[in-house]
Amino acid sequence: MKIADLIESNSDELARSESKDQGKPISLAKRVDIPRAIHNFRFFASAILHTTNTSTILDGVGAVNYTQRIPVGVAGLISPWNLPLYLLTFKLAPALATGNTVVAKPSEMTSVTAWMLAKLFNEAGLPSGVCNIVFGTGPKAGSSIVCHPDVSLVSFTGSTLTGEIITKESAFACKKLSLELGGKNPAIIFEDADLDKCVPTTLRSSFANQGEVCLCTSRIYVQEKIYDKFLDLLVSATKKIIVGPPENDSTVMGALISKEHLEKVRGYVELAQKEGGKIECGEEPLFLPDKNKQGYFMRPIVVSNLSDGSRCMQEEIFGPITCVVPFKNEEEVIERANNVKYGLSATVWSENLSRVHRVAQRLDVGTVWTNCWLIRDLNVPFGGMKSSGIGREGLHGSIDFFTEQKTICVKL
Ligand code: NAD
């Protein structure tokens, strides 16, 4: 609770640093990243006060079974650059609340707020050695955590490729693993969708945080009858997104994380064209103040006309590119939406309640939002299916993961 209070009283400075490190608008860091980091600590600090163990009286045997939860020991936590403080604290808070010690490594691209947090831990009076934050690159510092025999579990959020490496490297000790990995999230928009709500939310779900959110929409399936109308509305709304200096209040999209990442994302714009896609918007010139001209900015891109099998429709781009394609009916779109290696999240838009539930239940993803996006309570499980990860974060998932459960049998 004290840590949460300290993050809160340093919110402005943390939001500015988060934006400077990552490129996101300061306003977004103030609205999302920092409040979520505060909430993570408050939630797990209070949740841990209300957990119970189970017990059973064995009738006729004269015995009682009960369970005990113990911390696993040293927890290795590794987090990515896109929501630096928010995702790091989503691991730190439950790991510490359940009584573990921690060795945590933030992304080498966005280390500043983790360093500031470490200072707040000292100020809060966390005993030294309880939370150790190490800074360094993945293959060196990250791999050392994964391979260290005294680290009992690894909680990792990042790319599927790194998740595969961590799985192999930790196998020697059968470590507990939680992997929150990449996504290629579909939005399914039926002809009875309320477009007044659907278009602005799909715009946000495609381009929030420069499209650098694992849960961002990147494949938009629109039922044929409203396809042209939806595409027109989405393209005109996309053109109005203000890309610019992160410190401006009017900025909606800031800069991408790095030159390499910008080049990778731009590479997908070229690839989309080679794959037969039509760039509907995003190639117009971008006017930036002189001081930002060398920055890694790009306009949000809408692509149409791609086939489901194209690389742009199959691979995670993790930038401001979203692809729009038509579909005919429910059965067909469920199959097409599921036809990728990822299974993180999806959105479904329809005013038909039965259809919304029918479709949501058949999508192979960890979270389905219907007629909304990104609304999530920490009480419910969060995580991916297929190549999007293993394990679940959130109240029960995180407490189960960061504790070992023992069963004790007492003969009366
Ligand atoms: P990344 O895999 O490159 O790096 C993530 C973290 O792992 C960094 O701290 C990095 O230093 C470390 N790392 C890299 N190689 C390592 C190794 N061999 N051993 C140990 N640690 C290593 O990912 P990124 O580029 O920082 O983040 C973007 C990715 O994260 C995207 O794929 C995105 O979808 C995913 N992501 C997933 C979620 C989710 O909840 N599922 C949330 C945010 C981001």
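Here are four short exercises on this predicted model, each with a worked solution.

Residues are numbered from 1 along each chain as its sequence is written. Because the model is predicted, local features need pLDDT of at least 70 and side-chain atom pairs count only at pLDDT 80 or more, while totals for chains, interfaces and linings use all residues; side-chain values use heavy atoms, with hydrogens and water left out.

**Exercise 1. The small sheet**

Task: Work out the strand order of the open sheet of three strands, and find which strands stand at its edges.

Solution:
- Start with β1 (residues 55–58) and β2 (residues 63–71), which pair in the antiparallel sense over four bridges. Strands here are DSSP runs (E, at least two residues), helices are DSSP runs (H or I, at least four residues), and both are numbered from the N terminus. Two strands pair if DSSP finds at least two bridges between them.
- Check the register: Leu-58 stands opposite Ala-63 in β2.
- Look at the hairpin of these two strands: four residues lie between them, and Gly-60 takes a positive phi near 80°.
- Move to β18 (residues 403–411), which runs antiparallel to β2 and is joined to β2 by nine bridges. Here Asn-65 faces Cys-409, and Thr-67 faces Thr-407.
- Put the pieces together: the order is β1-β2-β18, with antiparallel pairing. β1 and β18 stand at the edges with a single partner strand each, so one side of each has no neighbour in the sheet. The twist averages 20° from one strand to the next.

**Exercise 2. The seven-stranded sheet**

Task: Trace the order of the open sheet of seven strands, then find the helix that lies across β8, β9, β10, β11 and β12.

Solution:
- Read across the sheet: β10-β11-β12-β9-β8-β14-β15, with mixed pairing.
- Find the edges: β10 (278–281) and β15 (367–370) each pair on one side only.
- Add the twist: neighbouring strands are turned by 25° against each other on average, direction ignored.
- Inspect one pair: β14 (residues 345–349) and β15 are parallel over four bridges, and Ser-345 has Thr-367 as its bridge partner in β15.
- Now the helix: α9 (residues 224–239) lies across those five strands and runs at about 140° to β9.

**Exercise 3. Two helices in contact**

Task: Describe how α2 and α4 pack, and name residues that meet.

Solution:
- Take the geometry: α2 (residues 11–22) and α4 (residues 84–97) pack at about 110°, with axes 9 Å apart. Axes are lines fitted to C-alpha atoms, for helices over the stretch in contact, and angles run from 0 to 180 degrees between N-to-C directions.
- Classify the angle: α2 is roughly perpendicular to α4, a label for angles of 65 to 115 degrees.
- List the contact (heavy atoms within 4.5 Å): Leu-14, Glu-18 and Gln-22 of α2 meet Pro-84, Leu-85 and Tyr-86 of α4.
- Sort by class: four residues are nonpolar, one is polar and one is charged.

**Exercise 4. A pocket beside α2 residues**

Task: Find the space in the second largest pocket and the helix that gives the largest share of its lining.

Solution:
- Begin with the volume, about 280 Å³.
- Count the lining: 17 residues, with Ser-19, Lys-20, Gly-23, Pro-246 and Ala-255 nearest the centre. A pocket is an open set of points on a 1 Å grid, reached by a 1.4 Å probe, with protein on both sides within 12 Å along at least five of seven lines; lining residues have an atom within 4 Å of a point.
- Assign the share: α2 gives the largest, five residues.

Notes: Angles under 35 degrees count as roughly parallel, over 145 as roughly antiparallel, 65 to 115 as roughly perpendicular and the rest as oblique. Ala, Val, Leu, Ile, Met, Phe, Trp, Tyr, Cys and Pro count as nonpolar, Asp, Glu, Lys and Arg as charged, and the others, Gly among them, as polar. Grid points are joined across faces, edges and corners, and a volume is the space filled by probe spheres set on the points.
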